[in-house]
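Biologist: I'd like to learn how to read helix packing and sheets in a model. Can you walk me through one?

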Amino acid sequence: MMKVNLFISNFNTYRKKIFSIIAPVLFLALLLGINRLMYYLLMDDAKSYTRLSLHEMYTQEENIDVLFLGSSHCYRGVDPSVTDDIFDANTFNGGSSSQSWDGSYAILVEAGKRNELKKVYVEMYYGVAGEVYQERELLTSTYLISDYMRPSVNKVRYLVEGSSPDHWIDGFFPARRYWQKLFSRGYVANIIASKQTDAYKNHEYWGNPEGEIDYYAGKGYRACREGIEDNDFSIKDGPKTVTADMFSADDKKSIQRIIEYCEKNNIELAFFSSPMPYYYVLAAKDYGSYIDQVNQLLKESGTPYYDFNLCKEQYFSYECSLFRDVDHLSAAGGERFSRVFAEFFTGQIAAEDLFYDSYEEKWQSMEDRVYGVNYSVTETETEKQITFDVVQKGNVDYFVIVSKRIPGTDAYEEMCTLTSLQEVYVPLEEGRLRIEIFQDENRSSLLNRIYVKY
């Protein structure tokens, strides 16, 4: 009887210990299961480019030899269908929208786990510089990456370091961002329907690459068939301007991590900036200062940096049709840039032939003319005031015709003619202006035809 009691006592003790071990595991499994179910029901990612590209990166059968990293200027700029042939290697574009350097490092580590990377090229778009990661409020660019990263210490580190604790729940449990839509029957039904398609299940392209203007072309590259016409370059309130100290401590830390990772793994590394329209570079103000800051940042490591905004025009013409908007390349521009990019990095074009020695030298080579406009809109009780800031090189004369779209049509009626672009007053309702800038009053040479929504 004593032995039986001892057995029962020991069993109860072990049962408690076993339960104390199993209970957290079961709870975690249940939590992950619920999270996975909620993700399926609530996350609208049937048209996510990043979902396709990261899945493709993870499942590449052939070793990725050359990896490109960076923001949309990277994934719309470097076309692996061009670079594969010139590098004579398997190249892959790991770019994503507004990808900062902590995101580039996270993807680099993920790619490095499964591939013997030989070369890595990291894009340095100035517009993503200056973030303090723990102060991020809008984390769309972070979630674009983390949502499709596989579970790992690298993913945990990326989310924890890349945002404040206030955002960790939304980062680790993505469906939490959309929990309020759980009881929206129509929303959930549409999400489920979109995920029942073979294209979604098989991570296939969700659109029609033969007929659509903007499409996913594979291996991380996004292409746009249409380019800008008539130098239609404008931005409401203008683009981000270059300051004297562009890089935050977090930026510098992430860039250093990229450098150290590549050094440790014997990966050839270079940083670059994709070409942008002259309008955008001029509107950024003192872009040469940014180039100097990047070179200074990389000086100690000796890692090279090449800014393709310093390309000589015989290699890249910067004509408006090569751009899909004010700062991104079109498919035609991506093809041309990718060829120049790959030929340069494989030694087929010498640096002294391809680049101007400085931004100042490049600026001097540019034609004196109007390249575009920045504008702002303010409202009073009776009307809207549209104020313009002309982006130009040199003090040039020009002639402007301002026309307003006739409501309900695609036609425009002339409002006024100006010898300098100044403020324009329009009714409170939404509309569209057409700003035509000519070299002279004879209207013989159109410089820009710009469309402005208000």
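Biologist: At what angle do helix H4 and helix H14 pack, and how far apart are their axes?

Modeller: Keep in mind that this is a predicted model. As a general idea, two packed helices are described by the angle between their axes and the distance between the axes. Here, H4 (residues 80-87) and H14 (residues 331-345) pack at about 25°, and their axes are 9 Å apart. Angles under 35 degrees count as roughly parallel, so H4 is roughly parallel to H14.

Biologist: Which hand does the crossing of H4 and H14 have?

Modeller: H4 passes H14 in a right-handed crossing.

Biologist: And which residues in H4 and H14 meet?

Modeller: From H4 you get Val-82, Thr-83, Ile-86 and Phe-87; across from them in H14 sit Glu-335, Ser-338, Arg-339, Phe-341, Ala-342, Glu-343 and Phe-345. By class, the residues of this contact of H4 with H14 split into six nonpolar, two polar and three charged.

Biologist: Let's try another pair. How do H5 and helix H11 pack?

Modeller: H5 and H11 (residues 249-264) have an angle of about 20° and axes 8 Å apart. That angle makes H5 roughly parallel to H11. The crossing of H5 past H11 is left-handed. On the H5 side the contact includes Trp-101, Tyr-105, Leu-108 and Val-109, and on the H11 side it includes Ile-255, Ile-258, Tyr-261 and Cys-262. The residues of the contact of H5 with H11 come out as eight nonpolar, three polar and four charged.

Biologist: Now the sheet. In what order do the strands come?

Modeller: In general, strands of a sheet pair through backbone hydrogen bonds, either parallel or antiparallel. In this model, five strands form an open sheet ordered S2-S1-S3-S7-S8, with parallel pairing. The edge strands are S2 (91-93) and S8 (305-307), each of which pairs on one side only. Going from one strand to the next, the twist averages 20°.

Biologist: How many bridges join strand S7 to S8?

Modeller: Three bridges join S7 (residues 268-273) to S8, and the two run parallel. For a spot to click on, Ser-273 stands opposite Asp-307 in S8.

Biologist: Which strands does helix H5 lie across?

Modeller: H5 (residues 101-114) lies across strand S1 (66-69) and strand S3 (119-123), and runs at about 160° to S1. So H5 has two partners to look at: those strands and helix H11.

Definitions and conventions. Residues numbered from 1 in each chain as written. Predicted model: local features only at pLDDT ≥ 70, side-chain atom pairs only at ≥ 80, totals over all residues. Heavy atoms only, no water. Axes fitted to C-alpha atoms, helices over the stretch in contact; angles between N-to-C directions. Helix = DSSP H or I, 4+ residues; strand = E, 2+ residues; numbered from the N terminus. Parallel < 35°, antiparallel > 145°, perpendicular 65-115°, else oblique. Left-handed = near helix turned anticlockwise from the far one by under 90°. Contact = heavy atoms within 4.5 Å. Nonpolar A, V, L, I, M, F, W, Y, C, P; charged D, E, K, R; others polar. Pairing = 2+ DSSP bridges.
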